[in-house]
Amino acid sequence: MTAASPAVASSQSSQLFSSVFAGFDPEHRLTVFDVGLALPESLDFFSAFRCRLHYLNLFDEALVRNPPAVEDCTDSELQQQFADLLRFPPGTRLDVCLLWDFPSYLDRRSLRAFTAALKPYLHAGTRAHVLGLLNAQTPPPYREYAIMRSDQFSFLPRSGVQGSWYAHPQAEFGRSLHGLAVQRAVLLADGRLEILLGSTVRR
């Protein structure tokens with residue numbers, strides 16, 4: 001039997017990565033949260049920075065795959081469950097959050113709870129990057145993402161079974177966030193939005 005060839009990464013240009021990383025003091029040690037896997041392309045990219053990287057692959061967590069019903073879990077309890085997943089060291093303040101298309105796998109209630117749990121780790125200069133889904137009829141590409149350059153990201157097919165997905169029109173998406181707000185959005189060729197988020201935290 002012939003072994004399957006390893007998947008080859010494809011790439012997508014980005015108009016917003018330069019804004020995500022622009023303006024940070026080169027002497028400042030960046031603290032980065034990536035909601036995916038630590039892929040080699042991203043590790044190579046971040047090797048040029050002084051940074052601390054936090055990778056938490058949340059896509060296959062039971063809380064994401066099978067969110068509790070309203071009658072089974074209050075909003076505050078749901079937020080606490082997400083907080084239990086975001087176990088950053090005490091005192092962590094995130095400069096960059098790479099959320100990729102993770103919000104597309106959260107219903108609106110879970111998105112509110114997730115960002116509320118993330119908010120204590122944000123500061124006034126935090127920025128975040130998202131790939132948003134506008135049309136619920138078309139599933140998001142099931143991919144792992146990584147950064148190649150400040151104007152390009154790469155992606156590979158994600159293994160396993162794709163979970164439920166949810167469209168978040170831009171206005172509704174913005175209203176579902178805690179501690180973050182949409183600063184800029186760019187329509188991609190596949191119909192999704194590349195979104196730059198900025199912090200609304202004032203500390």
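These turns go through the cavities, sheets and a salt bridge of a predicted model.

Visitor: How many cavities of 30 Å³ or more does the structure hold?
Guide: Two. The largest has a volume of about 70 Å³. The second largest holds about 50 Å³ of space.

Visitor: What makes such a space a cavity and not a pocket?
Guide: A 1.4 Å probe fits at the points of a cavity but cannot get out, while a pocket is an open set. The two spaces here are counted as cavities, so the probe is shut in.

Visitor: Which residues line the largest cavity?
Guide: Phe 59, Asp 60, Val 64, Arg 65, Tyr 105, Tyr 142, Gly 163 and Ser 164.

Visitor: How do you know how many of the lining residues are nonpolar, polar and charged?
Guide: Sort them by type. Tyr, Phe and Val count as nonpolar, Asp and Arg as charged, and Gly as polar. For the largest cavity this gives four nonpolar, two polar and two charged.

Visitor: What lines the second largest cavity?
Guide: The lining includes Pro 103, Ser 104, His 168 and Phe 173. Val 130, Gly 132, Leu 193 and Ile 195 are also among the lining residues. β5 (122-132) and β9 (193-199) each supply at least two residues of this lining. The division is seven nonpolar, three polar and no charged.

Visitor: What is the strand order in the open sheet of six strands?
Guide: The order is β3-β2-β4-β5-β9-β8, with mixed pairing.

Visitor: Why are β3 and β8 called edge strands?
Guide: β3 (51-55) and β8 (180-187) each have a single partner strand, so one side of each has no neighbour in the sheet. Neighbouring strands of this sheet are turned by 15° against each other on average, direction ignored.

Visitor: What makes β8 and β9 a pair?
Guide: Pairing needs at least two bridges. β8 and β9 have seven, in the antiparallel sense. The strands therefore pass the test. Val 186 has Glu 194 in β9 as its bridge partner. Ala 181 is partnered by Gly 198 of β9. The two strands form a hairpin with five residues between them. Gly 191, in the turn, has a positive phi of about 90°.

Visitor: Which strands does helix α5 lie across?
Guide: Helix α5 (residues 108-118) lies across β2 (30-34), β4 (94-100) and β5. The helix runs at about 160° to β4.

Visitor: Why is the contact of Asp 75 with Arg 109 called a salt bridge?
Guide: The rule asks for a side-chain nitrogen of Lys or Arg within 4 Å of a carboxyl oxygen of Asp or Glu. Asp 75 and Arg 109 meet at 2.7 Å, N to O. That is within the cut-off, so the name applies. Asp 75 lies in helix α4 (residues 75-85) and Arg 109 in helix α5, so the pair ties together parts 34 residues apart in sequence. The count by this rule comes to six salt bridges.

Visitor: What is the order in the open sheet of three strands?
Guide: β1-β7-β6, with antiparallel pairing. β1 (10-13) and β6 (143-149) are the edge strands, and each pairs on one side only. Here neighbouring strands are turned by 30° against each other on average, direction ignored.

Visitor: How do you know that β6 and β7 pair?
Guide: Count the bridges. β6 and β7 (residues 152-157) have six, in the antiparallel sense. At least two are needed, so the strands pair. Tyr 145 stands opposite Phe 155 in β7.

Key:
Residues are numbered from 1 along each chain as its sequence is written. This is a predicted model: local features need pLDDT of at least 70, side-chain atom pairs count only at pLDDT 80 or more; totals for chains, interfaces and linings use all residues. Side-chain values use heavy atoms; hydrogens and water are left out. On a 1 Å grid over the protein atoms alone, a cavity is a set of points where a 1.4 Å probe fits but cannot get out, and a pocket is an open set with protein on both sides within 12 Å along at least five of seven lines; lining residues have an atom within 4 Å of a point. Grid points are joined across faces, edges and corners, and a volume is the space filled by probe spheres set on the points. Helices (H or I, at least four residues) and strands (E, at least two) are DSSP runs, numbered from the N terminus. Axes are lines fitted to C-alpha atoms, for helices over the stretch in contact, and angles run from 0 to 180 degrees between N-to-C directions. Contact means heavy atoms within 4.5 Å.
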